[in-house]
Amino acid sequence: MDFFKGLQTILTMYFLACAYGDIMKIDTTGASEVTAKQDKLTVKGVEASNKLAEHDLARMEQYKSKIIKVGRAKQMDPAVIAAIISRESRAGAALKDGWGDHGNGFGLMQVDKRYHTPVGAWDSEQHVTQATEILIGFIKEIKVNFPKWTQEQCFKGGIAAYNKGVSRVTSYENIDVKTTGLDYSNDVVARAQWFRSKGY
């Protein structure tokens, strides 16, 4: 009985997490050389993204329960939330008093104070919820702008928009042309796929 209960919970989480698409089905080229250099890596691409995510895993674990809780509540894949936290703040390691990006980005997921009013403490469930809602808003805007895109393409487009804004996503082929490191959505997708293998 317990086995079936556990299976039911896993299936429920899976379907909830896939409201915006399946991260495992999204194509990715991974991290650029520029991003890989953050950790002095000699590799790039998906391998580099995996290494970067792995370097953040120990710190990420302290936020895991919050990430999964917010993921369930917002029907967002927890692995994607973890990947954005990894990319944006290295699971908090890149922040000073909760701030990054020259004092403009707040918290684990770097909510930009120039466009949003940050809520909660920098590492709080409230903060992760706000940032996840911002991401969802971008995915929905991309869907409106590109009605012929698949669900997964819109998901990736929303991730790119989280970094550079919706107006700068002009085509799927050049999705990361204007993102930081020219790889934001590809790197986040690759990290998310790795975090999924770690139970996120």
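Me: Is Leu182 buried or exposed?
Reply: This is a predicted model, in which local features need pLDDT of at least 70 and side-chain atom pairs count only at pLDDT 80 or more, while totals for chains, interfaces and linings use all residues. Residues are numbered from 1 along each chain as its sequence is written, and side-chain values use heavy atoms, with hydrogens and water left out. The cut-offs, with a 1.4 Å probe and protein chains only, are under 20% relative accessible area for buried, over 50% for exposed, and in between for partly exposed. Leu182 has a relative accessible area of 59%, so it counts as exposed.

Me: Where does Leu182 sit, then, and between which two helices?
Reply: Helices here are DSSP runs of H or I with at least four residues, strands are runs of E with at least two, and both are numbered from the N terminus. Leu182 is not a glycine, yet it has a positive phi of about 55°. Its place is the loop between helix 7 and helix 8.

Me: What about Ala91: what is its relative accessible area?
Reply: Ala91 also is not a glycine and has a positive phi, of about 55°. You can find Ala91 in the loop between helix 5 and strand 1. Ala91 is buried because its relative accessible area is 2%.

Me: Which residues does UniProt list for "active site"?
Reply: The listing comes from an unreviewed UniProt entry. UniProt positions are given in the numbering used here with shortened feature names, and annotations may be inferred rather than shown by experiment. The residues listed are Glu88 and Asp101.

Me: Which of these residues does the lining of the largest pocket include?
Reply: A pocket is found on a 1 Å grid over the protein atoms alone: it is an open set of points where a 1.4 Å probe fits, with protein on both sides within 12 Å along at least five of seven lines, and lining residues have an atom within 4 Å of a point. Of the residues UniProt lists, this lining includes Glu88 and Asp101.

Me: What is the volume of the largest pocket?
Reply: The lining has 30 residues, and among those nearest the centre are Asp112, Tyr162 and Asn163. Helix 7 gives the largest share of the lining, 4 residues. Grid points are joined across faces, edges and corners, and a volume is the space filled by probe spheres set on them. For the largest pocket, that comes to about 810 Å³.

Me: Which residues is Asp101 in contact with, leaving aside neighbours within four places in sequence?
Reply: Asp101 lies in the loop between strand 1 (99-100) and strand 2 (105-106). At 41% relative accessibility, Asp101 counts as partly exposed. Contact means heavy atoms within 4.5 Å. With those neighbours left aside, Asp101 is in contact with Gln110, Asp112 and Arg114.

Me: And in which helix is Glu88?
Reply: Leaving aside neighbours within four places in sequence, Glu88 has contacts that include Tyr162 and Tyr184. Its own element, spanning residues 78-89, is helix 5.

Me: How far apart are the closest N and O atoms in the salt bridge of Arg90 with Asp56?
Reply: Side chains of opposite charge can pair when their charged atoms come close. A salt bridge means a side-chain nitrogen of Lys or Arg within 4 Å of a carboxyl oxygen of Asp or Glu. Both Arg90 and Asp56 are buried. Their closest N and O atoms are apart by 2.9 Å.

Me: Which arginine in helix 3 also meets Asp56 in a salt bridge?
Reply: The N to O distance in this salt bridge is 2.5 Å. Being 3 residues apart in helix 3 (residues 46-60), the partners are separated by about one helical turn. Asp56 counts as buried at 0% relative accessibility, while its partner is partly exposed at 30%. That partner is Arg59.

Me: Which residue forms a salt bridge with Asp77?
Reply: In this salt bridge the closest N and O atoms are 2.5 Å apart. Asp77 is in the loop between helix 4 (64-74) and helix 5 and its partner is in helix 8 (residues 184-196), so the pair ties together parts 119 residues apart in sequence. Asp77 counts as buried at 0% relative accessibility. Its partner is Arg196.

Me: How many salt bridges does this rule give?
Reply: Several residues are linked in a network of salt bridges, including Asp39, Arg87, Asp183 and Arg191. By this rule the count comes to 13.
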